Amino acid sequence: MKITFLGTGGGRWVVLKQLRASGGFVIELDGEKIHIDPGPGALVRAKEHGVNLCDLTGVLVSHRHQDHFNDAVVAIECMTRGVTKKNGVFASNSMVIRGNKEHPPILDRYHSKMLDRIDIMKPSDSIMVGRVRVTATPTKHGDDKGMGFVLEGEDLRIGYTGDGEYFPGMEKHFGDCDYLIMNVLRPRTDAWPGHMNTEGARKLVSGAKPGQAIIKHLGMRMLNGVAEREAAWIEKETRIRTMVARDGMIISAGPAKRPGKKIPENFADENGY
Ligand SMILES: [Zn+2]
């Protein structure tokens, strides 16, 4: 399993000024290679960090906000070898795939017809991307059809919250995750309806009890060491390892250390973060 973070920024100004990158992340698991939320600059960041998008097998978009879907069509161009080979799965919600009166679908017919499958998902739906099961989870966010995802391989589960604030019961959608990747925009002192802060993240981590928690999608108020301090606080409160993702960070590992689960001893964080 390998996760490469092509972007860890979130919120308007961090993304528009590229104070942190916004290319989403790529998960390689059980022979599949899945790009999640390819935001602005995903292709450029992939090149920068040595990730070849031409062997993607799936593209997932959590919701119809620009910082999450901007480069999805480019990722699909890569996945279909420059739109010459029918290949791969694209999955998202109906706002992204069908659009509405205000927003057109993000994908045109030219690209759509070169995909093996397009799946419109809603929370609790499950699909297979090759050998990996992808289950959509609910969110409380501006795109009310937004989702998170749980990716399940043969012996490893990775949760991703998508955007949105913590809500009671959220943890039950992320049970038994080896890694839980959370979009955390603000510190705990700073609540903003529709967005997760570190207090919400603490509640989620303490309820879901993942092997390891990772925070990303950092807004302006999480820069300059704040996110690292907040992650340390979550770790102290929950006793679950919590780290801040960095642009280009790679996690390469077997299942993380979770009570009661047998794990190989090859856990490594290649960049040493
Ligand atoms: Zn959003």
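Start by selecting I215 in this predicted model. Setting aside its neighbours within four places in sequence, show the residues in contact with I215: M182, V184, A201, A227, A231, T242, V244 and A245.

Keep I215 and M182 highlighted, since you'll want both for the next stop. The largest nonpolar core has 76 residues, and M182 and I215 are the members that touch the most others. Now pick residues 72-79, helix α4: this helix supplies the largest share of that core, 5 residues.

Next, go to residues 89-92, strand β5. Is β5 covered on its faces or open? Both faces are covered, with V89 and A91 buried on one side and F90 and S92 buried on the other.

Add the strands that pair with β5. Residues 58-60 are strand β4, which runs parallel to β5 and is joined to it by 3 bridges. To see one pairing up close, select G58 and V89, which are bridge partners. Then bring in residues 117-120, strand β6, also parallel to β5 and joined to it by 4 bridges. Here, put A91 and D119 on screen: A91 stands opposite D119.

Finally, zoom out to the whole chain. You should be looking at 8 helices and 14 strands. The radius of gyration is 17 Å, close to the 19 Å that the globule rule gives for 273 residues, so the chain is as compact as a globular protein of that length. Along its principal axes, the C-alpha trace spans about 50 × 40 × 35 Å. Colour by burial and 52% of the 273 residues come up as buried. Among contacts with a separation of 6 or more, 60% are between residues 24 or more positions apart.

Methods. Residues numbered from 1 in each chain as written. Predicted model: local features only at pLDDT ≥ 70, side-chain atom pairs only at ≥ 80, totals over all residues. Helix = DSSP H or I, 4+ residues; strand = E, 2+ residues; numbered from the N terminus. Rg over C-alpha atoms; globule rule 2.2 N^0.38 Å. Buried ≥ 20, exposed ≤ 12 C-beta atoms within 10 Å, placed from the backbone. Contact = placed C-beta atoms within 7 Å. Core = buried A, V, L, I, M, F, W, Y, C linked by C-beta atoms within 7 Å. Pairing = 2+ DSSP bridges.
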